[in-house]
Amino acid sequence: MSGAPALAAGAVIPRALLLIGAVGVGKTTTTDAIAEELEARSIPGSAFDLDWLRRAWPAPSDDRFHSRLERAALRAVSAVHREAGARVLVAAGVIEERDARADYEAAFGCPLTVVRLTAPRGVVRARLHRRHEDDPDGLAWHLDRFDELTVILDAAEVEDVTVPVGPDPRSTAQAVLRAVGI
């Protein structure tokens, strides 16, 4: 892989986990829980939400979700975390097209496993109603985006593995780590 850093003999090759899914499914919460689980297991790592790496305005008309900015920032952040000793980089985000996988793997600079989180539509809609109870416009956008993104992700088949969210973040984190062999 061209984006991979050179490693000394015997060095552990870092790996990246990207948790994808529709809005409200629990990507960020699960990423935080995975970070806690890795720390408890003494596995050096880092965790971040790609939404923050692309939060800038205005977005270009041909890149409404700032994907190019997100990948450029991811490349820089991942390099710093790998240099600091992270063996597992965990991020919450979305890849809508299978062709973009290689770009994200290059940005992480190490092998990438994409994990799609799923949850029943009713569960997510209830979460979104709680999250946006004082923001009817935001609620309407997120409800529509959940349905839109679910269809997009179903068609794109970007993920390596799918994990349904469990009853709590810790159980979901453990299920993700089992599914990817950590």
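## Helix 1 against helix 7

Helix axes that meet at 65 to 115 degrees count as roughly perpendicular. Keep that range in mind for this predicted model, where helix 1 (residues 27-40) packs on helix 7 (residues 169-179) at an angle of about 70°. The two helices are therefore roughly perpendicular to each other. Their axes sit 8 Å apart.

Who does the touching? On the helix 1 side, the contact is made by T29, T30, A33, I34, E37 and L38. Helix 7 brings P169, R170, T172, A173, Q174, V176 and L177. Sorted by class, that contact has 7 nonpolar, 4 polar and 2 charged residues.

## T113 in strand 4

Next up is T113, which you'll find in strand 4 (residues 112-118). Is T113 buried or exposed? With a relative accessibility of 16%, T113 counts as buried, because the cut-off for buried is under 20%.

The T113 side chain makes a polar contact with the side chain of R15, at 3.4 Å. R15 also turns up in the wider contact list: setting aside neighbours within four places in sequence, T113 touches R15, A16, L17, L18, D160 and V180.

## T162 in strand 5

Strand 5 (residues 161-164) is home to T162. This threonine is partly exposed, and its relative accessible area is 40%. Once neighbours within four places in sequence are left out, T162 is in contact with R116 and T118.

How far apart are the C-alpha atoms of T162 and T28? They are separated by 16 Å, while along the chain the two residues are 134 residues apart.

Conventions: Residues are numbered from 1 along each chain as its sequence is written. This is a predicted model: local features need pLDDT of at least 70, side-chain atom pairs count only at pLDDT 80 or more; totals for chains, interfaces and linings use all residues. Side-chain values use heavy atoms; hydrogens and water are left out. Helices (H or I, at least four residues) and strands (E, at least two) are DSSP runs, numbered from the N terminus. Buried means under 20% relative accessible area, exposed over 50%, partly exposed in between (1.4 Å probe, protein chains only). Contact means heavy atoms within 4.5 Å. Axes are lines fitted to C-alpha atoms, for helices over the stretch in contact, and angles run from 0 to 180 degrees between N-to-C directions. Angles under 35 degrees count as roughly parallel, over 145 as roughly antiparallel, 65 to 115 as roughly perpendicular and the rest as oblique. Ala, Val, Leu, Ile, Met, Phe, Trp, Tyr, Cys and Pro count as nonpolar, Asp, Glu, Lys and Arg as charged, and the others, Gly among them, as polar. A polar contact is a pair of N or O atoms within 3.5 Å; within protein, one must be able to donate a hydrogen and the other to accept it, and residues adjacent in sequence count only if both atoms are side-chain atoms.
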